Amino acid sequence: MTYNKNIDIMKGISILFVVIIHSLKDDTLRSIGGPFFILQAVPVFLIISGYNHSQSYTRSGIVSLKDFYRPAMMTRKFYRLLPIALIIYAFQAIITPDGRSFFFYLIGHGGFGGYYISIMIQAIFLLPLLYWFSRKTAPLVMLGVSFIFNLGYEYAFYVWEFPSYLYRLLVFRYLFALALGVWYFFDQNYSYTKKLTVVAAFFSACYLVGVHYFEWPVPFYSFGTSWRGQNPLSFFYALWLFHLGLTHFSPSSFNKIKEPLVFIGKRSYAIFIVQMIYFWLLSRHIEWPEYYFLLDLIVSCTLGVGLYYLDNRFISGKLKAYI
């Protein structure tokens, strides 16, 4: 299992799309076909996470649940994720004049992707179960169970009208996306995998057209939120994008566009943190026109790269020496 630059290219493209999502209005995104590429950024990130974690577990030779949840293993996962996020949440709580607490931001109420960190923290605990289940039964069985569970989660929130903040914070709304990454890692070399991915992606694309452009009444909670079209019925389309990126970016012909994307992809989490606080500050003080999206990209990427180096030098980098 060698390093694949294509994954970093996909992460680079996806984080740019995350910034654009927060720059442009929903109508603008629909008018440029955003549901088919820009709005797929988070599902693609979750699929990448499932794939990368599975690759890491296999490389480490981990087979038992006890080994997955060793304190040392969990700590290594958390130090890459939490330190700079906690600093940003504390900053939000300190400068907010309405007295909202640190906990308010910790659970993702700050907006502009604040929920994602909560999702990823839970994914650290959930992904070992998906991986272990795949090895104990079969990856396709794990995928089917995850699909049914994720659909049930969507439908339960729709029927019982649970609060939206709870829906957005729980990892189970993206369970099937994580499961797709794990499944693809195990079964990517089987002949049926590509066929299933393409056929299922076609139906997912039809679903995206229906819910975004024809207002199909779908009995899922996500349909009534800003995550319309992000549920198990659409995630196969995101998997198809991941499949294309993994298999069709040539590793031997990186040009002046691909290498910057690799650079950005390696720093995508820091860029995400910066864009979260950047758009939060803008929303509190001015009405920011969407045609400034290029400036949003430049600011988010520049400051994100700076935060990445500061984190490695003074925060996570220091913590790593003690883990």
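Isoleucine 264 sits in helix H14 (residues 258–266), where helices (H or I, at least four residues) and strands (E, at least two) are DSSP runs numbered from the N terminus. With a relative accessible area of 14%, isoleucine 264 is buried; here buried means under 20% relative accessible area, exposed over 50%, and partly exposed in between, computed with a 1.4 Å probe on protein chains only. Not counting residues up to four places away in sequence, isoleucine 264 touches Gly12, Ile15, Leu16, Ile271 and Cys301, a contact being heavy atoms within 4.5 Å. The C-alpha atoms of isoleucine 264 and phenylalanine 202 are separated by 30 Å, and these residues are 62 apart along the chain.

This is a predicted model, in which local features need pLDDT of at least 70 and side-chain atom pairs count only at pLDDT 80 or more, whereas totals for chains, interfaces and linings use all residues. Residues are numbered from 1 along each chain as its sequence is written, and side-chain values use heavy atoms, with hydrogens and water left out. The mean pLDDT of the protein chain is 89, and 91% of its residues reach 70 or more; pLDDT is the predictor's confidence in each residue, from 0 to 100. Within the protein chain, confidence is highest in helix H11 (residues 175–187), at a mean of 98, and lowest in helix H7 (residues 102–106), at 64. Where pLDDT is low, the predicted coordinates should not be read in detail.

**Nonpolar cores**

The largest nonpolar core has 84 residues, and those with the most contacts inside it are Leu46, Leu130, Leu180, Phe242 and Ile273. Helix H15 (residues 268–285) gives the most to this core, with twelve residues. Such a core is a set of buried Ala, Val, Leu, Ile, Met, Phe, Trp, Tyr and Cys residues joined through side-chain atoms within 4.5 Å. Apart from the largest core lies another, of five residues, among them Tyr207, Val211, Val218 and Phe220. When residues up to four places away in sequence are not counted, leucine 130 touches Met142, Ser146, Leu175, Leu178, Ala179 and Val182.

Tyrosine 116, in helix H8 (residues 115–136), counts as buried at 11% relative accessibility. Beyond the residues up to four places away in sequence, tyrosine 116 touches Val42, Phe45, Leu46 and Phe272. Tyrosine 116 and valine 42 are 74 residues apart in sequence and 8.6 Å apart in space, C-alpha to C-alpha.

Serine 54 belongs to helix H3 (residues 41–60) and counts as buried at 1% relative accessibility. With its neighbours within four places in sequence left aside, serine 54 is in contact with Tyr131, Val182 and Phe185.

In helix H6 (residues 82–95), the 14 residues should span 20 Å at 1.5 Å a residue, and the end C-alpha atoms are 20 Å apart, which agrees; the expected span is 1.5 Å times one less than the number of residues. The buried residues of H6 are Pro83, Ile84, Ala85, Ile88, Tyr89, Gln92 and Ala93.

**Aromatic pairs and cysteines**

Rings of Phe, Tyr and Trp (its six-membered ring) pair if their centres lie within 6.5 Å, with planes under 30 degrees apart counted as stacked, over 60 as edge-to-face and the rest as tilted. By this rule the count comes to 39 aromatic pairs. One of them joins tryptophan 183 and phenylalanine 236 in an edge-to-face arrangement, 6.5 Å centre to centre and with 75 degrees between the planes. Tryptophan 183 lies in helix H11 and phenylalanine 236 in helix H13, so the pair ties together parts that are 53 residues apart in sequence. Both tryptophan 183 and phenylalanine 236 are buried. Ring pairs also link a cluster that includes Tyr115, Phe149, Tyr153 and Trp227.

If a disulfide is taken as a pair of cysteine sulfur atoms within 2.5 Å, the count comes to zero disulfides. Cysteine 206 is partly exposed, with a relative accessible area of 31%, while cysteine 301 counts as buried at 14% relative accessibility.

**Positive phi values**

Most residues other than glycine have a negative phi, and most peptide bonds are trans. The table sets out two glutamates with a positive phi.

| Residue | Phi | Loop | Relative accessible area |
|---|---|---|---|
| Glutamate 161 | about 55 degrees | between helix H9 (139–160) and helix H10 (164–169) | 67%, exposed |
| Glutamate 215 | near 55 degrees | between helix H12 (191–213) and helix H13 (235–248) | 47%, partly exposed |
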